[in-house]
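Colleague: I am new to this structure and would like a close look at a single part of it, the place where strands lie side by side. Please take me through that part slowly, and then go on to what else can be said about the model.

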Amino acid sequence: MNTNMEHEEIDMKIPTDGRRALGAAWIIPLALLGMPAYAQVCEQDDLQESLQYLRRLSLDLRGRVPDLAELESVVTNAGAIDPSIVRNIVRSDDSVAQARALHRDLLWANISDQRIADNNWSLTTIRRPAGQTGDPVYFINSGTRTRLFRGVVNAQCLDEPARFDASGRILTTQDATNANLRQEGWVLVRPYWNPTVQVKVCAFDAQDELQALDTRNRSVECQATASVVGCGCGPELRWCQSAPDRTAVTITTALGEQMLRFMDKIVREGQPYTRVLTGREVEVNGPISHYLRYQSSSNGLGFVFATGDVNYTVPAIPFDQVNTWTSVQRDNSHAGVLTLPGYLLKFQSDRGRANRFYNAFLCQNFQAPPGGLPAADDPCNDEPDLTKRCGCKHCHLAVEPAAAYWGRWSEAGFAPLDAATYPSFRADCATAAGASNATCRRLYFTDPGHPDEEQYRGWLRSYVFADAARQANIDVGPRGIAQAAIDNGAFASCVTKQTAERLLARELTEDDADMLAELRAELESNNYDLRALIEAVVTRPEYVAAGHFDVRGGAR
Amino acid sequence: MIRKLSVLALATSMACVPGEFSGPEVPPPVSPSPSPTMTPSPSPSPTMTPSPSPSPSSPGEPTFDDHWNPQDPTEQGPGDLFPVIERDGKAARRLTVAQLRASIPALFGGLTWTNNNRPTGTVMFNSLSRTLGEADYLGQTEENREPNPIFFKFMDDMAGQVCTNAVAADTARTVASERVVKPFAEDPDRNLRFLRLKLHGIHVPAGSTEGLTELRKLYDDVLADTRSADQAWSAVCVAMLTAPEFMAY
C-alpha cells in the first residue's frame with residue numbers, strides 16, 4: 001500500500017465536444033465494453049465517477065471497500081479503470097462469498113434452531129447440590145429412559161464409579177428413602193464428538209451393545225429403540241446427541257453449510273447455474289456423515305423423519321472432522337438444492353417447498369386474489385379439495401401440482417419415500433387398525449374429515465385429490481419442476497432479474513425490459529455462468545453511472 | 001429521518017462529486033415516470049405538463065389543463081416528444097453489517113469494534129448483528145438496511161472506539177507510511193486528502209480544499225480545545241466514518 005502517494009492535480013486538457021456529447025459517464029462503460037475509450041485523460045468528475053464505481057464494485061462483489069492502492073491507481077490513471085480490475089474482482093473468491101449471501105437470502109439458509117433428536121437420545125449432565133463441584137457426568141434425562149434404568153422418572157445416576165457383577169451386569173444402589181429408586185454409577189467413555197478426552201457417563205446410558213433382548217426376549221436393534229433396558233447410547237455414545245457439547249447444532253449447521261457449499265461450487269467453478277436445480281454432486285462432512293450413519297434413524301417416524309438411506313453412499317467420516325468435506329454423487333431421484341436436507345428441513349411441507357421454489361427460482365409469489373378470500377362462514381369453504389375451494393383455488397391450482405413434485409420426500413424430514421418401501425396405497429392403512437399404526441399415521445391418509453376424502457383412505461398423503469397429472473409429478477420428483485423451469489426459460493429470467501436487482505439495489509420495472517433481455521441472453525450465451533452474468537450487470541451503464549444514469553443513454 | 005434522507009440524497013447525487021463536507025447540494029426533485037412505456041406520444045399529455053397559463057381563479061398560479069378551461073394546444077409552446085424518464089441506474093443503499101465487518105479491519109490495520117474495547121473481546125458486529133439489521137433467517141429473513149437511529153447510535157460507538165484505537169496505534173508507529181489514519185499528520189490538509197480518498201473514495205487534488213474545509217475546521221477546533229493532535233485526528237476520523245459518504249454507496 002502506497003500511503004505516501006501525493007495526489008497531484010489531474011491534467012484536464014482534453015475533453016472534446018464530441019466526448020461531451022456522449023456524456024462523461026459513458027467513458028468507463030465504453031472502455032469496459034471493449035469500445036473505443038476516451039478514458040486516458042478524464043475530467044475531474046469522471047475521476048470521481050470512476051472512484052465511486054470502484055467502490056461500488058468492491059462493496060457489491062467483495063463485500064468490503066476497495067484498497068487504498070486500488071483507489072490510488074485510478075487517480076494515477078486519471079480515472080481510467082483497467083477492465084482487468086473489474087474482471088479480477090468478479091472472478092475473486094470474495095465474489096463467491098457475495099454470491100453465497102444471495103443464496104442465503106434466497107434459501108433462508110439457517111436450520112440451526114431445529115431439533116433433530118428427541119429427549120430419549122439427548123445427553124445432558126447431572127445436577128449437583130449447590131456448592132458441590134466435579135467433572136460433568138452425562139445421562140439421558142428422559143422419562144422413558146430414567147424410569148427404565150432407575151425406576152423413577154428423571155432420576156440420575158450417582159457420582160461414583162459404576163460397579164459390575166461377575167457377568168458384567170450393572171449393579172445399582174437402592175435409595176434409602178425411595179424404594180423404587182435404584183442408581184448406578186458412571187463409566188468413562190471417549191465420546192464421538194471429542195475422542196481425545198474421556199467423559200463420565202451414567203453406566204446405563206453408556207451401554208454400547210448393538211442389540212439387546214426386550215422384555216419378551218426378542219432381539220432388538222439398540223440404535224432404534226429407547227425402551228429396552230439393555231440399550232444405551234451405543235459405542236462412543238454414537239447414537240445420542242450431547243446438549244452441553246451442542247452436537248445437534250453442529251449437525252444442523254453442517255446441513256445448512258452443505259447447501260451453501262453446493263451453490264458455492266457451482267459459482268466458483270463456473271458450472272451452469274442450472275445445476276442449482278439439477279446437480280447431483282454434493283459434499284458431506286464429519287457431522288453429516290455421523291448423523292446419517294448413526295443418528296438419523298434413531299427417532300423413528302415420530303420426530304424428524306430422516307434415514308441413512310438417502311440415495312447415495314454415505315462416506316464414513318468421523319464426527320469431529322467438521323472441515324473435511326467429501327464429494328458424493330447422489331442418484332437421479334435428487335434435484336440440486338431441492339432435495340438437500342437444508343432445503344427440505346427449512347421448508348418442511350411439500351406446499352412450503354413448492355412456494356419457496358416459486359419465490360426463489362421463478363420470482364413469483366402466491367398472493368390472495370384481489371378482493372380477498374370469502375368469509376369464513378361461507379359454505380363454499382366446506383370443499384375439501386383446495387384446488388376447488390373458493391378463494392384457496394386462486395393459488396392452489398398452481399400450488400398443489402407443484403407441491404406434488406415433493407410427494408415422495410418426507411414432510412417434516414428429508415427421507416426419500418421410495419415406491420417399494422412406501423407404496424402409493426397400503427390396504428392396512430385404510431383399516432381402523434391402520435389408523436393407529438405409526439407409519440400409517442405419519443405418511444398415509446387415515447383420517448378423512450369429509451365424504452369426498454373417503455376414497456383416499458390408505459393412500460400416501462401426497463396422493464390425496466391428486467389427478468393423473470399430479471400423480472405424474474409425484475413420480476418424476478423435484479427434478480420435474482426444475483427441468484420445466486429451465487426449459488421454459490422462467491429460471492433464466494428469474495436469475496437474471498434477481499442478480500440485476502441485487503446489484504442495482506432497486507426493483508426492476510417495465511422500462512428495464514430491454515436490459516433484462518440482454519442480460520438473460522448474456523447468461524444463456526455463457527452457459528449459465530453466474531459470474532459472467534454478474535460481470536455483464538456491473539459493466540452496464542445502469543450500474544456504472546448509478547445515480548447519474550439517464551435512460552436516454554448518458555449521464556445526467 | 002433527516003439523516004436517512006441525507007444518506008440517500010448524497011449517495012444518489014453527490015458521492016461522485018467533491019463537495020463540502022457539510023453535505024451535498026440537494027438535487028432537484030426527480031419527477032416520477034409519467035408512463036411505463038417509452039413510446040413517444042403525438043402530443044404531450046395534458047395531465048403531465050403544467051399549463052403555463054395562469055388559472056382564472058388563481059392569477060399567476062400555474063395549473064393543469066382541464067375540460068372546464070379548454071386551451072388551444074398550439075398555444076402551449078413546443079413540446080418534448082420524448083419526455084425525459086429519469087431513473088437511477090443503481091439506487092443508493094446503506095452498507096450492510098457484513099460489509100462493515102469486513103471493511104473496518106481492512107481500513108484500520110486489523111482493528112475492529114470489540115466488546116469493552118478489548119482487542120480479544122467479542123466482535124460487536126457479531127454481537128449486535130440482529131440489532132444492526134442483519135438477517136439470521138430464523139426470526140428475520142431479510143436484512144434491514146434502513147439507516148435508522150439505532151444503527152447510527154451504534155455506528156457512533158463503533159467509530160469512536162475504532163478511530164481512537166487506530167490513532168493511538170498510529171502514534172506508536174515510527175514509520176509514517178505504515179500509519180492508517182495520519183500518515184501525513186504534519187500536513188493536515190494533505191492528510192485530509194488521504195482520508196477522503198481512503199474512506200470516501202473521493203479524490204481531492206493537491207492544492208484544493210474542496211470538501212475539506214469543514215473537516216479542517218473540525219480538526220482545528222478540537223486541536224485548539226484539547227491541544228491534542230491525536231484527539232483532533234480521532235474526531236476527524238469519527239466524522240468521516242459516520243458520514244453518508246462512507247455509510248452509503
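Modeller: Two strands are said to pair if DSSP finds at least two bridges between them, and with that in hand we can look at the sheet of chain A, keeping in mind that this is a predicted model. Leu123(A) stands opposite Ile140(A), a residue of strand E2(A). Leu123(A) also has a bridge partner in E11(A), namely Ser242(A). Thr124(A), for its part, is bridged to Phe139(A) in E2(A).

These residue pairs belong to two pairings. Strand E1 (residues 122-125) and strand E2 (residues 137-140) of chain A run antiparallel and are joined by 3 bridges, whereas E1(A) and E11(A) pair in the parallel sense, over 2 bridges. In general, the strands of a sheet pair through backbone hydrogen bonds, and the sense may be either parallel or antiparallel.

The whole sheet is an open one of 5 strands in chain A, following the order E7-E8-E2-E1-E11, with mixed pairing. Strand E7 (186-189) and strand E11 (241-242) of chain A each have a single partner strand, so they stand at the edges and one side of each is left without a neighbour in the sheet.

Beyond the sheet, the domain assignment of chain A gives domain 1 (119-239) and domain 2 (249-424 + 460-483). Their contact involves 9 residues of domain 1 of chain A and 9 residues of domain 2 of chain A, and the residues on the domain 1 side of that contact divide into 6 nonpolar, 2 polar and 1 charged. The C-alpha centres of these domains of chain A lie 37 Å apart.

The largest nonpolar core has 172 residues, and those with the most contacts inside it include Val201(A), Cys202(A), Val337(A) and, from the other chain, Cys237(B). The largest share of this core, 9 residues, is supplied by helix H8(A). Because domain 1 and domain 2 of chain A both give residues to the core, it lies between them. Cys237(B), setting aside residues up to four places away in sequence, touches Cys163(B), Ala166(B), Val167(B) and Val181(B).

H8 returns when we turn to the helices of chain A. Helix H10 (residues 286-295) of chain A is mostly covered, with 9 of its 10 residues buried, among them Gly286(A), Ile288(A), Tyr291(A) and Leu292(A). The buried residues of H10(A) pack against helix H8 (247-268) and strand E12 (281-284) of chain A.

Another pair of helices, H13 (residues 393-404) and H15 (residues 468-476) of chain A, pack at an angle of about 35 degrees with their axes 7 Å apart. On the side of H13(A) the contact is made by Glu400(A), Pro401(A) and Ala404(A), which meet Ala469(A), Arg470(A), Asn473(A) and Ile474(A) of H15(A). The residues of this contact of H13(A) with H15(A) divide into 4 nonpolar, 1 polar and 2 charged.

Chain B, finally, has 8 helices and 2 strands, and from its N terminus on the elements run α-β-β-α-α-α-α-α-α-α. Of the 249 residues of chain B, 35% count as buried, and among the contacts of chain B with a separation of 6 or more, 55% are between residues 24 or more positions apart.

Definitions and conventions:
Residues numbered from 1 in each chain as written. Chains lettered and ligands numbered in written order. Predicted model: local features only at pLDDT ≥ 70, side-chain atom pairs only at ≥ 80, totals over all residues. Buried ≥ 20, exposed ≤ 12 C-beta atoms within 10 Å, placed from the backbone. Helix = DSSP H or I, 4+ residues; strand = E, 2+ residues; numbered from the N terminus. Contact = placed C-beta atoms within 7 Å. Axes fitted to C-alpha atoms, helices over the stretch in contact; angles between N-to-C directions. Nonpolar A, V, L, I, M, F, W, Y, C, P; charged D, E, K, R; others polar. Core = buried A, V, L, I, M, F, W, Y, C linked by C-beta atoms within 7 Å. Domains from an automatic or database assignment.
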